[in-house]
Number of protein chains: 2
Amino acid sequence: MPKQSAALQPHRRLFADRRRNPDAKREAVLHTAVRIFLERSYARTSMDDVATQLNITKPALYHYFRNKEEILVEIYRLGTDLIDEMLGSIEADEKTGLDKVADFIAGYTRIIAGDFGRAVVRLDDGELSKAGRRLVRARKREIDHRLRALIDSGIEDGSIASCDAKIAAFILAGAIHGMASWYKPASPMDLAAIAGQYVRMLAAGLTAGDLPELAGRQTIAPRRFE
Amino acid sequence: MPKQSAALQPHRRLFADRRRNPDAKREAVLHTAVRIFLERSYARTSMDDVATQLNITKPALYHYFRNKEEILVEIYRLGTDLIDEMLGSIEADEKTGLDKVADFIAGYTRIIAGDFGRAVVRLDDGELSKAGRRLVRARKREIDHRLRALIDSGIEDGSIASCDAKIAAFILAGAIHGMASWYKPASPMDLAAIAGQYVRMLAAGLTAGDLPELAGRQTIAPRRFE
DNA sequence: TTGATATCTTACTCGCCGGTCGGATTTGCA
DNA sequence: TGCAAATCCGACCGGCGAGTAAGATATCAA
């Protein structure tokens with residue numbers, strides 16, 4: 001049983017009387033579902049779980065969504081839309097590549113702090129059908145490529161040290177994605193402070209690509225850390 | 001049906017004749033299981049899948065493991081053992097904090113590139129029972145704390161810029177964990193080159209904690225990126 | 001050779017969950 | 001008011017997968 005937060009109450013009440021606002025109800029399902037999915041994972045959440053939380057029964061859910069997968073795909077869509085929107089506004093700016101990437105880091109951390117952003121990162125798209133998986137992964141790949149383009153533009157204009165943009169993008173995205181595993185909305189830490197340290201540390205990593213004493217370091221002894 | 005790689009053949013052959021080497025067979029189960037779990041996820045892998053891959057039937061598996069969870073816990077144990085061992089050897093060194101962290105990054109990427117390391121990071125411990133989850137998460141938490149200690153020591157000896165070690169550890173670990181999602185052992189990219197860029201970029205981020213022009217930057221306009 | 005034991009198989013049980021069927025109840029509109 | 005459509009429910013189906021029971025077969029030690 002997921003803990004019942006006060007924030008869910010309005011969604012429950014929405015379903016109290018029939019015939020009202022199908023769109024609002026559909027949205028209510030999504031908001032409730034994404035919370036439970038994040039808490040329990042998609043696979044371990046049954047349609048009954050979602051329905052119960054909404055104070056309805058399972059078949060009622062199938063009035064708003066064809067199946068369980070459609071709910072998940074819709075969640076991904078909403079989440080990736082947020083990221084797309086942010087990327088669009090960053091790309092439109094007239095800034096150096098480094099500044100754009102820094103803006104990306106700041107914006108991305110904020111999106112990941114939200115439910116739908118966290119869902120994009122944490123929910124397992126391996127649960128999807130082949131078609132759904134293709135769709136979702138294509139969107140993720142596109143986001144990755146746009147981040148790489150940001151980095152490349154920074155390398156070109158000299159604001160970012162020469163490096164492999166592909167790996168750099170993985171490092172940036174990975175670092176921020178990790179947030180989805182530990183960040184709790186009710187966290188005592190200020191989100192702005194967290195985002196600030198992310199920007200500082202990661203942007204610094206991009207500018208100082210080759211500190212001589214680090215570039216030449218030898219790695220640890222070749223023990224068999226398989 | 002998971003693709004049958006040549007590397008699995010020896011494990012299949014091990015079970016060809018009965019009564020031979022229980023320890024080796026147990027290990028063979030683990031090696032086979034971790035591969036399938038990484039490909040298909042733990043939840044979507046049935047005991048029949050594992051058994052089939054080994055050329056035996058499901059009940060035979062229960063001769064070596066009490067249940068499915070025991071296999072997963074054992075995989076976690078082997079993976080975290082690798083990390084513990086590495087941390088131990090790093091902690092024993094007489095180096096600056098930054099150098100120790102750099103060694104950690106290099107060693108960690110190599111471990112994550114292996115099956116059991118990748119398993120620690122990618123397999124969902126939410127599938128475990130309460131007891132198993134407690135155990136696994138305790139080990140993960142301990143690793144996190146030891147990394148923080150490494151960072152703290154670097155801040156103390158001045159090799160790392162002052163920052164929140166907790167967040168810094170999350171950033172480092174997150175960046176490397178991300179590798180588990182895209183790295184394929186048969187990758188064309190040289191692992192050493194990847195590890196090198198990880199070390200360079202992340203270590204640089206730790207040394208240059210406060211570039212003035214970055215510290216003072218204002219974040220993106222406060223749109224509602226929920 | 002012969003029992004004792006380990007190993008492995010065939011054939012089940014049982015619970016869970018996505019999805020559906022048919023019907024009941026409401027709502028809004030003519 | 002009356003009726004068509006929308007909304008929702010109780011009861012069910014079918015499949016999947018973890019785990020087990022009971023027995024067959026090979027191995028090893030004596």
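**Notebook: helix α8(A) and the two DNA strands**

I started with helix α8 of chain A, residues 130-156: it has 27 residues and reaches 38 Å from its first C-alpha to its last, close to the 39 Å expected at 1.5 Å a residue. The expected span is 1.5 Å times one less than the number of residues. Helices here are DSSP runs (H or I, at least four residues), numbered from the N terminus.

Note to self on ground rules: this is a predicted model, where local features need pLDDT of at least 70 and side-chain atom pairs count only at pLDDT 80 or more, while totals for chains, interfaces and linings use all residues. Residues are numbered from 1 along each chain as its sequence is written, chains are lettered from A and ligands numbered from 1 in the order in which they are written, and side-chain values use heavy atoms, with hydrogens and water left out.

Back on α8(A), I looked up what is buried (under 20% relative accessible area, 1.4 Å probe, protein chains only). The buried residues include Val136(A), Ile143(A), Leu147(A), Leu150(A) and Ile151(A), and also the charged-type names Asp144(A), Arg146(A) and Arg148(A). The buried residues of α8(A) pack against α5 (68-92), α6 (97-113) and α9 (165-182) of chain A, with contact meaning heavy atoms within 4.5 Å. Just past the helix, I found Gly158(A) with a positive phi of about 85°.

Next, DNA strand C. I count a residue as near if one of its heavy atoms lies within 4 Å. That gives 21 residues around strand C, the closest being Arg18(A), Met47(A), Lys58(A), Thr57(B) and Tyr64(B). Of the strand C atoms that come within 4 Å of the protein, 59% belong to sugar and phosphate.

I then pulled polar contacts (N or O pairs within 3.5 Å). The side chain of Thr57(B) puts an N or O atom 2.4 Å from a phosphate oxygen of strand C. For Tyr64(B), a polar side-chain atom sits 2.7 Å from a phosphate oxygen of that strand. Two or more residues each come from α4 (58-61) of chain A and from α2 (22-40) and α4 (58-61) of chain B. By type, the surface near strand C splits into 9 nonpolar, 5 polar and 7 charged residues.

Then DNA strand D. Here 21 residues lie around the strand, and Thr57(A), Tyr64(A), Arg18(B), Met47(B) and Lys58(B) come nearest. Sugar and phosphate make up 62% of the strand D atoms within 4 Å of the protein. I noted a polar side-chain atom of Thr57(A) 2.7 Å from a phosphate oxygen of strand D.

Key
Polar contact = N/O pair within 3.5 Å; in protein donor to acceptor, adjacent residues only side chain to side chain. Buried < 20%, exposed > 50% of the residue type's maximum accessible area, 1.4 Å probe, protein only.
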